[in-house]
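Open the model in a viewer and keep the sequence panel beside it. The stops below go from one selection to the next.

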Amino acid sequence: MLTLRTTLTNTRGLAAALLMGTALLAPGALAAQEDETTITAVMHSGLRVLDPVITTAHITRNHGYMIYDVLTAVDEIFAPQPQMADWEISEDGLTYTFTLRDSLTFHDGAPVTGADVVASLSRWGKKDSGGQLIFDVTESLEASDDKTIVWTLTKPFAPLLDVISKQSAVPPFIMPARVAATSADETITEYVGSGPFVFNEAEYEPGVNVTYEKYDAYVPRDEPASWMAGGKVVNVDKVVWTTMPDSLTAINALSAGEIDYLEQVQIDLMPIIASNPDVIVEKRDELGYVTIGRPNHLHPPFDNKLIRQAAMAALDQESMLATMQGDPEYYNVCGAIFGCSTPLGDEAGSEVLTGGANIEEAKALLEEAGYDGTPIVLMAPTDVISLINQPVVAAQALREAGFEVDMQSMDWQSVVQRRAQQNPVSEGGWNMFFTNWMVPEVSDPLINVMVNGRGNEAWFGWPTDPEIEELRAEFVAASDEAAKKAVAVKIQEHVMDNVNYVMMGEYIIPQARRNTIDNMIPSPVPVFWNMTKSAE
């Protein structure tokens, strides 16, 4: 097997320490420990933020799916399905009645009630882009009894089930009412869910290690698992996420059998494990991701549309994607903000992105805007393989166009925390960062948080954009798919002009697992129910 001497040395040291610890255990306890089945996974980032409402970070969303459940969920054909509850819709489309299924309990033993659902949805609706639109037309959201929730609207909102069933970016996870009573602007401090795994807070090391244990009282649905829907059957005792920022170390740990699963495989390191019969490398899903740049609309210089346009003119999708992935098999130049392969995808107005960098145009726009050399603080994560290259490529392109760029390196979780701060740059703020989204997360104007134009209520970057809000309302009111597509094209053209964000193309990143791991759900979101682990 392929491994590094240093990895083996560290592993032997760890093994020795474990043997010393287990020697103190009683024989019965040792036997029980040996009988446990544990999946050890290296995810794309360490976990530091535990509140899945205040951030759209994928690692926090993944954590949410481990310990929480949702009212309804989309299956593999994007169709909403009952999860915690069934529903009925009134003939006039104004009243949605949800009925909780039996046997739902939180990890502290308390039953899940309608009051918990109401509190959780209310808190979620203050942060989620689509949720905000639903609550704009909400007359009341009430629990008529412990198992019944009645959501009454002032006017029909046809995509309501689609929005509350989405995989990302902020799923409406159900928490105890006492936890959901926390302000949406503050972080929760209690992590009690009703999902298939229990968060082991005692073993949690922020950014380093997190342990989830099977929730024995969880009752799965009877239907087969399909994406986030269906029966969440847990077949292992524990799942441990451990952080390995160095990609080569993670690859060698997988090869040596020290870990079971690697969420993201760096393309140029794939040959190391390609010939290993004990390792399977695969695409988790065919839809893949988009990568984007987000300017901060609150502060100079990106509060000026001309300067945002200059930045977009300076950037080139092909060079960025090629640097990220290397192999064209794993990326696609695409100017559609809703994804090139989705029903609403359209590339209108995107030639500035897909046709290569236009440095002269960028320089002319900077001159027209009167750019005064204000430095661009560009946050650059150093520990997520799918996010390392974008800031480096962008910094060089922006400098060639005449921008002053202050690229500040930090780990991804520091970016996640800092991007939520609205402070001026002189007080620890920022001007731009790059991130990635699953294609389903950007596929329509209600799910795509980057087209939210509600200022301080919008996603990080906080554009105040009344025109795009009018277009999103027009999308909700659209009578058929053709009308929705027409509105989506208008939004596409608007984003290309206003530069709400910079679409930098599509890509796929493979995952890898030991061949002892089987029955993984091919979902864009990596989940650990249904998964099995056999002996080596």
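Begin with the aromatic rings: this predicted model holds 19 aromatic pairs. Select Tyr-191, Phe-199, Tyr-204, Tyr-212, Trp-241, Tyr-261 and Phe-528, and show their side chains; ring pairs link these residues into a cluster. Next, select Trp-529 and Lys-232. Lys-232 lies over the face of the Trp-529 ring, 4.5 Å from the ring centre.

Another tryptophan is the next selection. Trp-227 sits in the loop between strand S11 (209-214) and strand S12 (238-242). Check its backbone: phi is positive, about 50 degrees, although Trp-227 is not a glycine. Is Trp-227 buried or exposed? Its relative accessible area is 6%, so Trp-227 is buried.

**Helix H5**

Move to helix H5, residues 129-136, and pick out Ile-134. Ile-134 counts as buried because its relative accessibility is 0%. To see what surrounds the residue, leave aside its neighbours within four places in sequence: Ile-134 is then in contact with Trp-124, Trp-151, Leu-153, Phe-157, Leu-160, Val-163 and Ile-164. Now add Asn-452 to the selection. Ile-134 and Asn-452 are 318 residues apart in sequence, but their C-alpha atoms are 13 Å apart in space.

**Two cis peptide bonds**

Select Ser-168 and Ala-169. The peptide bond from Ser-168 to Ala-169 is cis, with omega near 5 degrees. Ala-169 belongs to the loop between helix H6 (160-165) and strand S9 (173-174).

Then go to Pro-300 and Pro-301, which are also joined by a cis peptide bond. Omega is about 0 degrees there. Pro-301 is in the loop that runs between strand S15 (289-295) and H10.

**Asn-296**

Stay in the loop between S15 and H10, where Asn-296 is also placed. Asn-296 has a relative accessible area of 0% and is therefore buried. Which backbone atoms does the side chain of Asn-296 reach? One is the backbone nitrogen of Leu-298, at 2.9 Å. Another is the backbone oxygen of Trp-430, at 3.1 Å. Display the contacts of Asn-296 as well, leaving aside neighbours within four places in sequence: the partners are Phe-302, Asp-303, Trp-430, Asn-431, Gly-461 and Trp-462. Trp-430 thus appears both as a polar partner and in the contact list.

**The disulfide**

Select Cys-334 and Cys-340. These two residues form a disulfide, with their sulfur atoms 2.1 Å apart. The count for the structure comes to one disulfide. Measure the torsion about the S-S bond in the viewer: the computed value is 105 degrees, and the link of Cys-334 and Cys-340 is right-handed. How do the two ends compare in accessibility? Cys-334 counts as buried because its relative accessibility is 0%. Cys-340, at 30% relative accessibility, counts as partly exposed because buried means under 20% and exposed means over 50%.

**Helix H17**

Select residues 481-498 for helix H17, which has 18 residues. From its first C-alpha to its last, H17 reaches 25 Å, close to the 26 Å expected at 1.5 Å a residue.

Look at the start of the helix. A side-chain oxygen of Asp-480 comes to within 3.2 Å of the backbone nitrogen of Ala-482.

Now colour the buried residues of H17: Val-487, Ala-488, Val-489, Ile-491, Gln-492, His-494, Val-495, Met-496 and Asn-498. What do these buried residues pack against? Show helix H10 (305-314), helix H12 (351-354) and helix H16 (466-477), since the buried residues of H17 pack against these three helices. An α-helix has 3.6 residues a turn, so residues three or four places apart point the same way.

End the tour just past the helix, at Val-499. Val-499 lies in the loop between H17 and strand S20 (502-507). Its phi is positive, about 55 degrees, although Val-499 is not a glycine. With a relative accessible area of 1%, Val-499 is buried.

Terms used: Residues numbered from 1 in each chain as written. Predicted model: local features only at pLDDT ≥ 70, side-chain atom pairs only at ≥ 80, totals over all residues. Heavy atoms only, no water. Helix = DSSP H or I, 4+ residues; strand = E, 2+ residues; numbered from the N terminus. Expected span 1.5 Å × (residues − 1). Buried < 20%, exposed > 50% of the residue type's maximum accessible area, 1.4 Å probe, protein only. Contact = heavy atoms within 4.5 Å. Polar contact = N/O pair within 3.5 Å; in protein donor to acceptor, adjacent residues only side chain to side chain. Disulfide = S-S within 2.5 Å. Phe/Tyr/Trp six-rings, centres within 6.5 Å; stacked < 30°, edge-to-face > 60°. Lys NZ or Arg CZ within 6 Å of the ring centre and 35° of its normal.
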